[in-house]
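Please read the points below with the model open beside them. They run from single residues to the chain as a whole and back again.

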Amino acid sequence: MKKVCIFLLCFLSFSLTSIAQEHLVKGQVLSSSGNPLPYAYIDIEGKPYATQADKDGNFHLNLPSGNYTLKASMLGYTQEEKKIDTSLANDITLVLSEDLINLSAVTITGTKTPHNLSNSPVVTQVITRDDIKKLDATNLKDVLISEIPGLEFSFSMDQQTSLTFSGLGGMAILVLVDGERLAGETLDNTDFLRLNMDDVERIEIIKGAASALYGSNSVGAVINIITRKAEEPWSVNLGTHFSAHNEQRHGGNVGFNVGDLMSLTTIETNWIDSYDIKDKVGDGITRIYGNRQWNFKEKLSYNINDKHLITARAGYYFHQRDYSDYKKNRARDYSLSARWQGDFSSRDKIDVSYTFDRYDKSDFYPSIKKDFLDYKNIQNSLRALYSHQFDNDITWILGGDVMSDYLMSYQFEDNGSHRQYTADIFSQGEWRLDKHWDFILGLRADWFSKSTWNLSPKFSVMYTLDHLNIRGSYSMGFRAPTLKEMYMNFDMASIFMIYGNDQLTAEHSNSFTLSAEYAFSRYCITATGYYNIMNNEITTLWDPTLITSLSKGSMVYQNIKGRDLLGADVTLMARYPCGIGAKLSYAYFHELPHKDELNYSDTRPHSLTLKVDYRKTFRSYEFDVMLTGRALSSVHYYTYSSDYSTHDIPTSSPAYSIWNLSFSERFFRAFNLILSLDNIFNYRSKIFEYNSPITTGTTFGATLSIDVEQLFKKSK
């Protein structure tokens, strides 16, 4: 009995001590206008304590004694942090500023230094993680067609995906992941299927030439995918998706942030069966090949101290396309990178990285269970960037890259291989003259072992007055001839030969941009005009003198005079505290061929995207109803004759529009459900062509994901 009493006394003493060590932390979450923010989410950085404010914005937490970082967040507002000591924490007020149209989003692609979107001197479009989640996107293609008018995906030869944007093809659009180039291509385009969205923080898009910072291929635009890192002490997300044609997507990610070590591991598999698209009129039937793929990614970061960060990334991608019963097309990618970011002072920063990327293509024959490799692209690149902040609001960066590019291809004679080395150095200065004026001046020099040197200048200016930003820029873009374009020797389906040309020179563009942006609270309107003068463009031309056993002539890569590309786009955004929001984007494009040339561009002159949504947050429940749509006008242009001997046959592509409706719900901040109805007006092409939308009519999809760590967070 005595032992029992002693035990009870000890237990009571321990309980009282525990109670005595806990402190009540309470406060209120307000908007910048002083109004309460109902149901804002409050958690403790790095600790499993969380709660949600009530309908009047009031909250309370019971916390053990100590110092913490209190965070408040709510959709449509900037996140607010406040350091607290529990012994002194009484009636805390957290004020969240409205950011209903994401003007505080950070962007780095336009200048290679961090800027808020509202004060970046370079016109930049940012697609946030929240945007990507609501679109229920599987890969980069799904995101871009919903967010960017004037951009169109279509089929090239053998149903390979092709991108056109503002009159330019995939070779003029530079796609990056965390600022790094990607190996491999599928008929002049990035393999967009490998760019899934499971670990993406945001996507930054710079329209116009950007070779002064990014070198070759950044003629028409730069698309930079920024991957995310683990933020919670631990996190587990599991998700599954089902849609038409047995389309499925399953996967998840596991992350931890403990001390100085952070890790985020993502695994995703998805597939879709082959299916037929039937013409609305006539008897035409097109077989769309099914495919299956795996994606694995790991991002590991270690803070050596508060001034030095090391980040390593690894990735594996496998894709198989059901080309026929006897043959499957395969693609694989292996990637590794290491990056060191150091702050030597508050003014001096350095960023050094090494990247390895290998992309393979092969044909697999199930009957004999053999895989024949016929394409291998290996890139090894080393990059360094130094930045310095001067006293007079001048930021200066100096950087350089070296890269080895190896290519073995079925499109070379006897499946041969070639290698090219490149190097560059660039410098850029940004001068914040005063609160109204911001100037950028940059210059880059690139060297290619198979061709020559190239210089790319850049000049940008931004004028700010209250809520108005006016931006203007001139930049030169260039694209060096690729190994494929110089050494190709390819039998085009036994129709004709395509030959490379080792005498090709780089193509250039002179890009002028002028934009005006007015943003205030819940509204933003941006209008931008582009004028791009293309010179020395690289393309294929029919040469009747190169007669082969296949045809009376052959295709050969050549430099041509070029053309002028004129474009403009306007974006209107509005979002209200009641939860209603809208975004309308319109793009206009016009090609101005040089003397004696015809209009060969199949880019549509008019296009728009629209997104309207209504979202509401309650204590343990959120929902969002969203209508999205894109409409593209018809286009008239000239193409090759049936025997490819002439390039003056008039043709056209019809107008079309696709509209989608989705309903997303979130329960207890852990369960996420998205129900979608795609192509709600049941559009189908009268005659299915290479640039027709790939749809069989209205389809239904469902996605369920679970943030497991949210189920274990203490709510007090």
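Is Asp491 buried, partly exposed or exposed?

1. Asp491 counts as partly exposed, at 33% relative accessibility; buried means under 20% relative accessible area, exposed over 50%, and partly exposed in between, with a 1.4 Å probe and protein chains only. This residue is found in strand E32 (residues 489-492). Helices (H or I, at least four residues) and strands (E, at least two) are DSSP runs, numbered from the N terminus. Leaving aside neighbours within four places in sequence, Asp491 is in contact with Phe496, Met497 and Leu550, where contact means heavy atoms within 4.5 Å. Ile533 lies 42 residues from Asp491 along the chain, and 33 Å separates their C-alpha atoms.

2. On provenance: this is a predicted model, in which local features need pLDDT of at least 70 and side-chain atom pairs count only at pLDDT 80 or more, while totals for chains, interfaces and linings use all residues. Residues are numbered from 1 along each chain as its sequence is written, and side-chain values use heavy atoms, with hydrogens and water left out.

3. Overall dimensions. The radius of gyration of the chain is 28 Å, which agrees with the value near 27 Å for a compact globule of 716 residues; the radius is taken over C-alpha atoms, and the globule rule is 2.2 Å times the number of residues to the power 0.38. Along the principal axes, the C-alpha atoms fill a box of roughly 105 × 65 × 45 Å.

4. Composition and surface. The chain has five helices and 47 strands. Of its 716 residues, 50% are buried. The exposed area is about 32900 Å², with 59% of it supplied by carbon and sulfur atoms; areas come from the Shrake-Rupley method with a 1.4 Å probe, and for residues only the protein chains shown count as cover. Taking contacts between residues at least 6 apart in sequence, 59% join residues at least 24 apart.

5. Nonpolar cores. The largest nonpolar core has 26 residues, and Ile132, Leu140 and Met197 are among those with the most contacts inside it. A nonpolar core is a set of buried Ala, Val, Leu, Ile, Met, Phe, Trp, Tyr and Cys residues joined through side-chain atoms within 4.5 Å. Elements that each supply at least two residues of this core include helix H2 (129-135), helix H3 (140-147), strand E15 (200-207) and strand E16 (221-227). Apart from this core lies another, of 20 residues, with Leu63, Ala72, Leu94 and Leu96 among them.

6. Leu140 can be followed residue by residue. Beyond neighbours within four places in sequence, Leu140 is in contact with Val175, Phe192, Leu195, Met197, Ile203, Ile223 and Ile225.

7. Gly150 sits in the loop between H3 and E11 and counts as buried, at 18% relative accessibility. Its contacts, leaving aside neighbours within four places in sequence, are with Thr164, Phe165, Ser166, Ala587, Thr603 and Ser607. Gly567 is 417 residues away from Gly150 in sequence, yet the C-alpha to C-alpha distance is 9.4 Å.

8. A hairpin. Strand E20 (residues 275-278) alternates: Tyr275 and Ile277 point to one face and are buried, whereas Asp276 and Lys278 point to the other and are not. Its pairing with strand E21 (residues 285-288) is antiparallel, over four bridges; two strands pair if DSSP finds at least two bridges between them. Opposite Ile277 stands Thr286 of E21. Six residues lie between the strands of this hairpin, and Gly282 takes a positive phi near 85°.

9. Positive phi outside glycine. Asn217 has a positive phi of about 80°; Asn217 is placed in the loop between helix H4 (211-214) and E16 and counts as buried, at 15% relative accessibility. Asp414 has a positive phi near 55°. Asp414 is in the loop between strand E27 (394-409) and strand E28 (417-432) and is exposed, at 73%.

10. Cysteines. The structure holds zero disulfides, a disulfide being a pair of cysteine sulfur atoms within 2.5 Å. The cysteine sulfur closest to that of Cys524 is in Cys578, and the 18 Å between them is too far for a bond. Cys524 is buried, with a relative accessible area of 5%, whereas Cys578 is partly exposed, at 41%.
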